[in-house]
Amino acid sequence: MAPVTVVADWVIVGLAFGSTLVGSYVGYQAYRGYRRHDSRAMRALSAGLFLLTTVAFGIAFVGSVLLREGYLGLQYQQSLTLLTRLFQFLGVTLIAYSLHSRG
């Protein structure tokens with residue numbers, strides 16, 4: 001049963017890393033939209049998507065790998081979770097702002 005667990009771990013790591021990459025791409029495309037149209041709403045959308053997908057996923061991904069491999073002690077797990085949730089909240093808040101902004 002151990003090989004299945006190892007494969008599942010690699011799939012989880014791959015999906016987390018892939019989510020970070022795709023989030024970076026989506027945030028970059030939103031930023032290009034902001035530059036093209038010079039819109040405050042697009043700027044907030046691109047920043048929100050970047051924080052929500054790239055920053056939050058990146059912190060969660062790197063933090064979980066560091067915790068799992070023992071480079072960080074378990075006393076940092078709650079701080080990493082708090083930091084991840086903070087960036088998720090800021091990202092969603094900016095996205096909500098962009099949807100209600102006029103300009």
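## Thr-53 in helix 2

Thr-53 is found in helix 2 of what is a predicted model, and with a relative accessible area of 14% this threonine is buried, because that value is under 20%. Its side chain reaches two backbone oxygens, that of Leu-49 at 2.5 Å and that of Gly-23 at 3.2 Å. Leaving aside neighbours within four places in sequence, Thr-53 is in contact with Thr-20, Gly-23, Ser-24 and Gly-58, so that Gly-23 appears both in this list of contacts and as the owner of a backbone oxygen reached by the threonine side chain.

## The nonpolar core

In soluble globular proteins, nonpolar side chains tend to be buried together. Here the largest nonpolar core has 5 residues, namely Leu-51, Val-55, Ile-59, Leu-67 and Leu-80, and helix 2, which covers residues 40–69, gives the most to this core, with 4 residues. Leu-80 of the core is also listed among the buried residues of helix 3.

Leu-51, a member of this core, touches Ala-56, Phe-87, Leu-90, Gly-91 and Leu-94 when residues up to four places away in sequence are not counted. Among these contacts of Leu-51 is Gly-91, which is itself one of the buried residues of helix 3.

## Helix 3

The buried residues of helix 3 are Leu-80, Thr-84, Gly-91, Ile-95 and Ser-98, and what covers them includes helix 2. At 1.5 Å a residue, the 24 residues of helix 3 should span 34 Å, and the end C-alpha atoms of this helix are 35 Å apart, which agrees with the expected span.

## Aromatic pairs

A pair of aromatic rings is described by the distance of the centres and the angle of the planes. The count comes to 2 aromatic pairs. In one of them, Phe-17 and Phe-61 form a tilted pair, with 5.8 Å centre to centre and 45° between the planes; this pair links distant parts of the chain, since Phe-17 lies in helix 1 (residues 2–37) and Phe-61 in helix 2, 44 residues apart. Phe-17 is partly exposed, with a relative accessible area of 43%, whereas Phe-61, at 17% relative accessibility, counts as buried.

Tyr-31 and Tyr-34 also form a tilted aromatic pair, with 5.9 Å centre to centre and 50° between the planes. Both tyrosines lie in helix 1, where they are 3 residues apart, about one turn of the helix. An α-helix has 3.6 residues a turn, so residues three or four places apart point the same way. Tyr-31 counts as partly exposed at 38% relative accessibility, while Tyr-34, at 15%, counts as buried.

## Asp-38 and the loop after helix 1

Asp-38 is found in the loop between helix 1 and helix 2, and at 62% relative accessibility this aspartate counts as exposed, because the value is over 50%. Most residues other than glycine have a negative phi, and most peptide bonds are trans. The phi of Asp-38, by contrast, is near 50°, a positive value in a residue other than glycine.

## Confidence of the prediction

The mean pLDDT of the protein chain is 87, and 96% of its residues reach 70 or more. Among the elements of the chain, helix 1 has the lowest mean pLDDT, at 84, and helix 3, which covers residues 77–100, has the highest, at 93. Helix 1, with that lowest mean value, is the helix in which both Tyr-31 and Tyr-34 lie.

Technical notes. Residues numbered from 1 in each chain as written. Predicted model: local features only at pLDDT ≥ 70, side-chain atom pairs only at ≥ 80, totals over all residues. Heavy atoms only, no water. Core = buried A, V, L, I, M, F, W, Y, C linked by side-chain atoms within 4.5 Å. Buried < 20%, exposed > 50% of the residue type's maximum accessible area, 1.4 Å probe, protein only. Helix = DSSP H or I, 4+ residues; strand = E, 2+ residues; numbered from the N terminus. Contact = heavy atoms within 4.5 Å. Phe/Tyr/Trp six-rings, centres within 6.5 Å; stacked < 30°, edge-to-face > 60°. Polar contact = N/O pair within 3.5 Å; in protein donor to acceptor, adjacent residues only side chain to side chain. pLDDT = per-residue confidence, 0-100. Expected span 1.5 Å × (residues − 1).
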